[in-house]
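Me: Hey, could you walk me through this protein? I have the sequence and the fold open and I'm not sure where to look.

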Amino acid sequence: MKKFGLTTRIMIGLALGVVFGLILSPFSQNPFVKDVVIDSILAFFGGMFINLMKVMIVPLVSISLAMGAASIGDVKKLRRIGTKVLGFYFATTAIAVAIGLFVAKITNVGKGMIHGNLPKGEYEIAQQSKLIDVLLDMIPKNIVNAMSEEKMLAIIIFFLLLGVAITALGDKVKNLKTLLEEANELVLKMVELIMQVAPLGVFALISKVVASTGIDVLVKLIGFVVVTLIAFVIHTGVYQIMLVGMAKMNPIKFFKNFLNVVSVAFSTSSSNATIPVNIETLSEKFGVSEEISSFTIPLGATVNMDGTAIMQGVAAVFIANLYSIHLGPTQYIGIILTAVLASVGTAGVPGAGMLMLSLVLKQAGLPLEGIGVVIGVDRILDMFRTVVNITGDAVCTIVVAKSENEIREVNDKNFSD
């Protein structure tokens, strides 16, 4: 296996994991297979990889954001880039949920189905906080507590402020800026070492999901799954148009060079877990300046949830049809606005989309019990929507970097003449 590159090894692990999971699936209720193979061996190696990646999230996000903001060196430039990035993320999220609603509407997904015959899972609706509490929670009272509790928006705001302050002070704190650059190199090296166990972690994670889920649930909800995947593909096409029109990039070469990031996102279902791989890939294979990617990628992992927004749109129409509830134009607009706003601060970790869906359903006046129906395939769709999320982060980074002339030439030429 050592003769293969990391990307190839991860893809081999992914393929073998699917096959092994399918082999285990018919025996998933056998005590030995369930307790020893699935819930112990596979859970240990999959959990080990996830934990190793998650432990790097806070140091990577905090250091890379502060360094990215400080490296830009100009407060006006930082403000200009920030405006572009947030504008891109919010616009594509609105487009994403609109695509989800449109595809679900024209296919009438869920129409005529009897929700009583569908599999239902248990889902406890999280208590909703007041808007003022959500906004105040974005401003850390104690940065150490915020980092220990992984409050990503609070961490982002604090370390962005730190980066801006370093930029404003200039040479007075040049040693601190150097320290941040060295710390960033250290964190990236640690991630590089962790990624050596990625093939094993990916194998274990995928095997466990396939073995535990099986195909019974997938068959009963196949319409919902297929429509959601179609919407994902359409939105990926939107990214391709943006790459060609705004960055003059060949989409085929983009996805070829981006495959290693996709494989990590697919197996971990975590936008945060892909941050280091995404930054490294954009730098090495696309020539994107790290001062741009170190700013846009961690930010995107928190506020850019295009794949999740698509599922909200499809799920809202699916649940409405399932319960024979008519959705009017006002409700469709409300769903779009709620999905865009809810994407801000949605943690880039597995399963966070369910909280976002509860907000959308509540706004549209749809029964929250519908979550119990779609949750059966959430883990499967979570893998695909994470791929869409992190692809959007990368496309935004490339587009912004191109507009700022922050892309250098690389050996594998990705840009058209």
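Me: How many residues of α3 are buried?

Reply: Of the 16 residues in α3, 15 are buried, so this helix is mostly covered. Keep in mind that this is a predicted model.

Me: Ok. What span should α3 have, and how far apart are its end C-alpha atoms?

Reply: Helix α3 runs over residues 57–72, and at 1.5 Å a residue those 16 residues should span 22 Å. The C-alpha atoms at its ends are 22 Å apart, which agrees.

Me: Zooming out, how many helices and strands are there in the protein chain?

Reply: The protein chain has 20 helices and zero strands. It has 417 residues, and buried ones make up 52% of them.

Me: And what about contacts between residues at least 6 apart in sequence, what share join residues at least 24 apart?

Reply: That share is 84% in the protein chain.

Me: Got an example of a residue with contacts like that? I've clicked on H235. Which residues does H235 touch?

Reply: Leaving out residues up to four places away in sequence, H235 touches T92, I95, A96, I99, D306, I310 and V388. H235 sits in helix α11.

Me: Is H235 buried or exposed?

Reply: H235 counts as buried, because its relative accessibility is 0%.

Me: V238 is in that helix too, right where I'm looking. What is the C-alpha separation of V238 and G392?

Reply: Their C-alpha atoms are separated by 9.9 Å, though V238 and G392 are 154 residues apart along the chain. V238 is found in helix α11, and at 18% relative accessibility it counts as buried, since the cut-off is under 20%.

Me: Switching topic: which residues of α14 are buried?

Reply: They are I275, P276, V277, N278, I279, T281, L282, S283 and F286. That is nine of the 12 residues of α14, so the helix is largely enclosed by the rest of the structure.

Me: How far does α14 reach from its first C-alpha to its last?

Reply: Helix α14 covers residues 275–286 and reaches 16 Å, close to the 16 Å expected at 1.5 Å a residue. After α14 comes G287, with a positive phi near 75°.

Me: At what angle do α14 and α15 pack?

Reply: The angle is about 150°, and their axes are 10 Å apart. Helix α15 is made of residues 290–303.

Me: Why give both an angle and a distance?

Reply: Those are what describe two packed helices: the angle between their axes and the distance between the axes.

Me: Is the crossing of α14 and α15 left-handed or right-handed?

Reply: The crossing of α14 and α15 is right-handed. On the α14 side the contact uses I275, N278, I279, L282 and S283, while α15 brings E290, S293, S294, I297, P298 and A301. The residues of that contact divide into six nonpolar, four polar and one charged.

Me: Back to F286 for a sec. How far is K253 from F286 in space?

Reply: K253 and F286 are 9.9 Å apart, C-alpha to C-alpha, and 33 residues apart in sequence. K253 lies in helix α12, residues 251–257, and counts as partly exposed at 34% relative accessibility.

Me: What about α13, how many of its residues are buried?

Reply: Nine of the 10 residues of α13 are buried, so this helix is mostly covered. Among them are N260, F266 and T268.

Me: Which backbone oxygen does the side chain of T268 reach?

Reply: It's the backbone oxygen of V264, at 2.7 Å. T268 belongs to α13, which spans residues 259–268, and T268 is buried with a relative accessible area of 2%. Right after α13 comes S269, with a positive phi near 55°.

Me: Last topic, odd backbone angles. What is the phi of K248?

Reply: The phi of K248 is near 55°, a positive value in a residue other than glycine. K248 lies in the loop between α11 and α12 and is partly exposed, with a relative accessible area of 45%.

Me: And where is S324 found?

Reply: S324 is in the loop between α16 and α17. S324 isn't a glycine, yet its phi is positive at about 55°. With a relative accessible area of 68%, S324 is exposed.

Technical notes
Residues numbered from 1 in each chain as written. Predicted model: local features only at pLDDT ≥ 70, side-chain atom pairs only at ≥ 80, totals over all residues. Heavy atoms only, no water. Helix = DSSP H or I, 4+ residues; strand = E, 2+ residues; numbered from the N terminus. Expected span 1.5 Å × (residues − 1). Buried < 20%, exposed > 50% of the residue type's maximum accessible area, 1.4 Å probe, protein only. Polar contact = N/O pair within 3.5 Å; in protein donor to acceptor, adjacent residues only side chain to side chain. Axes fitted to C-alpha atoms, helices over the stretch in contact; angles between N-to-C directions. Left-handed = near helix turned anticlockwise from the far one by under 90°. Contact = heavy atoms within 4.5 Å. Nonpolar A, V, L, I, M, F, W, Y, C, P; charged D, E, K, R; others polar.
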